[in-house]
Amino acid sequence: MSVIYLLLALSILVAIIFFVAFIYSVKRGQYDDSYTPSVRMLFDDELVKPNTTSNKTN
């Protein structure tokens with residue numbers, strides 16, 4: 001039973017370490033996208049298809 005407590009404590013400790021590393025990298029700008037906004041205007045816009053069904057009343 002003590003092995004379960006040990007593994008649980010270690011897994012929580014590892015999870016906290018990874019969470020702190022993630023928060024640190026987000027605050028330091030690791031995931032900021034500085035490339036896409038500069039080329040966004042070069043992307044093709046989606047074509048808007050006209051509505052082919054008509055709801056005309058006779």
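The expected span of a helix is 1.5 Å multiplied by one less than its number of residues. The exercises below concern a predicted model.

**Exercise 1. Determine whether the end-to-end distance of α1 agrees with its expected span.**

Solution. Helix α1 covers residues 2-27 and is one of 2 helices in a protein with 0 strands. For the 26 residues of α1, the rule of 1.5 Å a residue gives an expected 38 Å. The C-alpha atoms at the two ends of α1 lie 38 Å apart, so the two values agree. After α1 comes Gly29, with a positive phi near 85°.

**Exercise 2. Classify Ser25 and Phe19 as buried, partly exposed or exposed.**

Solution. Both assignments rest on relative accessible area: under 20% is buried and over 50% is exposed. Ser25 belongs to helix α1; its relative accessible area is 14%, and therefore Ser25 is buried. When residues up to four places away in sequence are left out, Ser25 touches Gln30 and Tyr31. Phe19 also lies in helix α1, but Phe19 has 52% relative accessibility and so counts as exposed. For the protein as a whole, 3% of the 58 residues count as buried.

**Exercise 3. Identify the aromatic pair and describe its geometry and exposure.**

Solution. The structure contains 1 aromatic pair. Its members are Phe22 and Tyr31, with 5.9 Å between centres and 40° between planes. An angle under 30 degrees would count as stacked and one over 60 as edge-to-face, so the remaining range is tilted; the Phe22 and Tyr31 pair is tilted. As to exposure, Phe22 is partly exposed because its relative accessibility is 41%, whereas Tyr31 reaches 55% and is therefore exposed.

**Exercise 4. Which residues form the nonpolar surface patch, and what is their accessible area together?**

Solution. The patch consists of Leu8, Ile12, Ile16, Phe19, Val20, Phe22, Ile23, Val26 and Tyr31. Together these residues have about 870 Å² of accessible area. The accessible surface of the protein is about 6300 Å², and carbon and sulfur atoms account for 64% of that surface. Both partners of the aromatic pair, Phe22 and Tyr31, belong to the patch.

Methods
Residues numbered from 1 in each chain as written. Predicted model: local features only at pLDDT ≥ 70, side-chain atom pairs only at ≥ 80, totals over all residues. Heavy atoms only, no water. Patch = residues over 30% accessible without salt bridge, like charges linked within 9 Å, V, L, I, M, F, W, Y side chains within 5 Å. Areas by Shrake-Rupley, 256 points an atom, 1.4 Å probe, with all protein chains shown as cover. Salt bridge = Lys/Arg side-chain N within 4 Å of Asp/Glu carboxyl O. Helix = DSSP H or I, 4+ residues; strand = E, 2+ residues; numbered from the N terminus. Buried < 20%, exposed > 50% of the residue type's maximum accessible area, 1.4 Å probe, protein only. Contact = heavy atoms within 4.5 Å. Phe/Tyr/Trp six-rings, centres within 6.5 Å; stacked < 30°, edge-to-face > 60°.
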